[in-house]
Amino acid sequence: MTPEIVIQEAIRSRLVATAGVTNIVSASSILDRNERPAPLPSIIIGEAISRDEGDDLARRRVRVYSDLHVWKKEPSLAGVKDIAGQIRIAVQAGRLELDAGFHCVDCFVASMRFLRDPDGETSHGVVTIESVIEDVA
């Protein structure tokens, strides 16, 4: 399994296990899917960027940037900001547990953006989680 998939699964597991998140977005609406419309509200695990890290020749560390898309039908951005805040709390709750063979060196919310959808009825947030994953196998 790749670090990108391992961290995606760990992030989803953390979110669905965090009451602050699931009190606002049901666990069944925290998804990895590629279609619209998304359930409202929802957290869609989206794109990722990764790059090798480290000064040693083994290059056993990978930095992964994971985008989570937050959707909610609302006239303001308050709801998606609240969901994003709960995502931040969930990520800060402690080191993510990864599959055997990988170790989460660091994980934090690197950025949050909030946008109004052109339909005039939907709010959209993008939460980028930055993780450093080490291959310990």
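# Sheet, helices and charged pairs

Helix H3 lies across strands E2, E3, E4 and E5, and runs at about 170° to E4. Helices (H or I, at least four residues) and strands (E, at least two) are DSSP runs numbered from the N terminus. Angles are taken from 0 to 180 degrees between N-to-C directions, with axes as lines fitted to C-alpha atoms, for helices over the stretch in contact. Contact means heavy atoms within 4.5 Å.

The model is predicted: local features need pLDDT of at least 70 and side-chain atom pairs count only at pLDDT 80 or more, while totals for chains, interfaces and linings use all residues. Residues are numbered from 1 along each chain as its sequence is written, and side-chain values use heavy atoms, with hydrogens and water left out.

## The sheet

The strands form an open sheet of 5 strands, in the order E1-E2-E3-E5-E4 and with mixed pairing. E1 and E4 stand at the edges with a single partner strand each, so one side of each has no neighbour in the sheet. Two strands pair if DSSP finds at least two bridges between them.

Starting from the E1 edge, strand E1 (residues 30-31) pairs with E2 in the parallel sense over 2 bridges. Here Leu31 has Ile44 in E2 as its bridge partner. E2 and E3 run antiparallel and are joined by 10 bridges. Ser42 stands opposite Trp71 in E3.

At the other end of the sheet, strand E4 (residues 102-116) pairs with strand E5 (residues 122-135) in the antiparallel sense over 13 bridges. Phe102 has Asp135 in E5 as its bridge partner. The hairpin of E4 and E5 has 5 residues between the strands, and Gly120 in this hairpin takes a positive phi near 80°.

A second helix also meets the sheet: H1 lies across E1, E2, E3, E4 and E5, and runs at about 45° to E3.

## The core

The largest nonpolar core holds 30 residues, and Leu15, Ile43, Leu68, Ile87, Leu98 and Ile129 have the most contacts inside it. Two or more residues of this core come from each of helix H1 (3-16), strand E2 (42-53), strand E3 (61-73), helix H3 (78-92), E4 and E5. H3 gives the most, with 6 residues. A nonpolar core is a set of buried Ala, Val, Leu, Ile, Met, Phe, Trp, Tyr and Cys residues joined through side-chain atoms within 4.5 Å. Buried means under 20% relative accessible area, exposed means over 50%, and partly exposed is in between (1.4 Å probe, protein chains only).

Leu15 serves as an example. Not counting residues up to four places away in sequence, Leu15 touches Val21, Thr22, Ile30, Ile43, Leu68, Ile87 and Ala90.

## Charged pairs

Side chains of opposite charge can pair when their charged atoms come close. A salt bridge is a side-chain nitrogen of Lys or Arg within 4 Å of a carboxyl oxygen of Asp or Glu. By this rule there are 5 salt bridges, among them the pairs below.

| Salt bridge | N to O distance |
|---|---|
| Arg51 and Glu53 | 3.1 Å |
| Arg63 and Glu53 | 3.1 Å |
| Arg61 and Glu134 | 3.6 Å |

The pair of Arg61 in strand E3 and Glu134 in strand E5 links distant parts of the chain, 73 residues apart. Arg61 is partly exposed at 34% relative accessible area, and Glu134 is partly exposed at 21%. Elsewhere, Arg51, Glu53, Arg63 and Glu130 are joined into one network by salt bridges that share partners.

Within that network, Arg63 is buried at 17% relative accessible area. Arg51 is partly exposed at 44%, whereas Glu53 is buried at 16%. Arg63 lies in strand E3 and Glu53 in strand E2, so their pair ties together parts that are 10 residues apart in sequence.

Glu130 is placed in strand E5 and is buried, with a relative accessible area of 12%. The Glu130 side chain makes a polar contact of 2.5 Å with the side chain of Arg63. A polar contact is a pair of N or O atoms within 3.5 Å; within protein, one must be able to donate a hydrogen and the other to accept it, and residues adjacent in sequence count only if both atoms are side-chain atoms. Leaving aside neighbours within four places in sequence, Glu130 is in contact with Arg63, Val64, Tyr65, Asp106, Cys107, Phe108 and Ala110.
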